[in-house]
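Visitor: I'd like to understand how people decide what to call the parts of a protein model. Could you walk me through one?

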Amino acid sequence: MSAIYDRVALIGLGLIAGSMARAMREKGLAREIVGHARSAETRATAAEIGLVDRVFETAAEAVAGADLVVLAVPVGAMGDVAAEIAPHLEPGATVTDVGSVKQAVVQAVAPHLPDGVHFIPGHPLAGTEHSGPRSGFASLFQNRWWLFTPTEGCDPLALERLQDLVRRFGAKTERMDAAHHDLVLAVTSHTPHLIAYTMVGVADHLKRVTESEVVEYSAAGFRDFTRIAASDPTMWRDVFLQNKDAVLDILGRFTEELFVLQRAIRMGDGQHLFDYFTRTRAIRRGIIEAGQDTAAPDFGRSQPGPGEG
Ligand code: NAP
């Protein structure tokens, strides 16, 4: 299989960058893969396990000569990284990011990039609750969506080339407006994560009353929440701070629905609860039919999937 890029520079060497590196290696999609991470520890690990061909101490050195630069750091760090690399980018290079929020990243990154560099914001809807240079794997993006939110005037050839790369990872691609992306993700990912964090927090308080029962008799629903709530704290702090408006909008709607269900329980309105749960069950069926999860009784816990940003 022929390479799509000559040199790919990965800025940030965690779950997503590590999975991209492995997928590119496996399929020979880049002639050279180089990388940079903030801490000496992560850089040493990446070098030790051969995650990329060369590890650089600075992001500026890593992007020199690269025809594709991938920003794979927490969304709150994207602007500073863009400012640092901007003077060192090759004319004609493509810069993409994998951040879970798009409007804030576009606002933070785009102003720094020189003319002649193609900025194509992206977001793979794939992940696990693990992080760091050892956590990635080549099949992470298989059959997952990779959303792109190109801005007006984006070079169609640069976009096609980048889409070609991620399709070779096994991903499905779609383009959408950044604001629309942020609202959709607030519904499908960000607010559910916040609810999981809250539920685990509630159980943690309760644990002090019931000793170890919460852990001991932890049922499937709660276990799924704890897995999601084990996701990287830095990444998720940044997601909520950077997608504030959409998350607050969805959280407001969620609270209203919760009050309606609370009232139905208080009033003994079984019909309301039954109808509501029947509607939600149909949504679950739709997700399975769309191939985005498995109907296995373990909720696909043995496979990567939910937990993505
Ligand atoms: P990760 O495993 O925690 O890795 C993050 C990497 O970014 C690390 O190499 C870290 O370096 C580096 N980094 C952190 N702060 C930095 C800074 N201020 N300057 C430079 N480098 C910095 O994270 P990840 O899961 O790969 O997430 C990366 C991006 O992908 C995030 O924007 C996230 O929103 C997005 N994303 C994540 C998922 C998911 O489920 N995890 C899914 C889709 C998209 P050190 O190790 O040296 O600190």
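Visitor: How many residues of each class does the shell around the ligand have?

Guide: Keep in mind that this is a predicted model. By class, the shell has 14 nonpolar, 13 polar and two charged residues.

Visitor: Which residues are the closest to the ligand?

Guide: Of the 29 residues that surround the ligand, the closest are Arg38, Ser39, Thr42, Val73 and Ser100. Helix 1 (15-27) and strand 6 (118-124) each supply at least two residues of the shell.

Visitor: What makes the pair between the side chain of Ser39 and the ligand a polar contact?

Guide: An N or O atom in the Ser39 side chain is 2.6 Å from an oxygen atom of the ligand. The cut-off is 3.5 Å, so the pair counts as a polar contact.

Visitor: Why do the pairs with Arg38 and Leu13 count as polar contacts?

Guide: For Arg38, an N or O atom of the side chain is 2.7 Å from a ligand oxygen. For Leu13, a backbone N or O atom lies 2.7 Å from a ligand oxygen. Both pairs are within 3.5 Å, so they count too. The protein covers 88% of the 900 Å² of accessible area that the ligand has on its own.

Visitor: Which pocket is the space taken by the ligand?

Guide: That space is the second largest pocket, with about 940 Å³ of space in it.

Visitor: Which element gives the largest share of the lining of that pocket?

Guide: Helix 10 (233-242) does, with six residues. The lining has 44 residues, and Gly14, Ala72, Val73, Pro74 and Asp232 lie nearest the pocket's centre.

Definitions and conventions:
Residues numbered from 1 in each chain as written. Predicted model: local features only at pLDDT ≥ 70, side-chain atom pairs only at ≥ 80, totals over all residues. Heavy atoms only, no water. Near = heavy atom within 4 Å. Polar contact = N/O pair within 3.5 Å; in protein donor to acceptor, adjacent residues only side chain to side chain. Areas by Shrake-Rupley, 256 points an atom, 1.4 Å probe, with all protein chains shown as cover. 1 Å grid on protein atoms, 1.4 Å probe; cavity = no way out; pocket = protein on both sides within 12 Å on 5 of 7 lines; lining within 4 Å. Sits in = over half its atoms within 2 Å of the grid points. Helix = DSSP H or I, 4+ residues; strand = E, 2+ residues; numbered from the N terminus. Nonpolar A, V, L, I, M, F, W, Y, C, P; charged D, E, K, R; others polar. Points joined across faces, edges and corners; volume = space filled by probe spheres on them.
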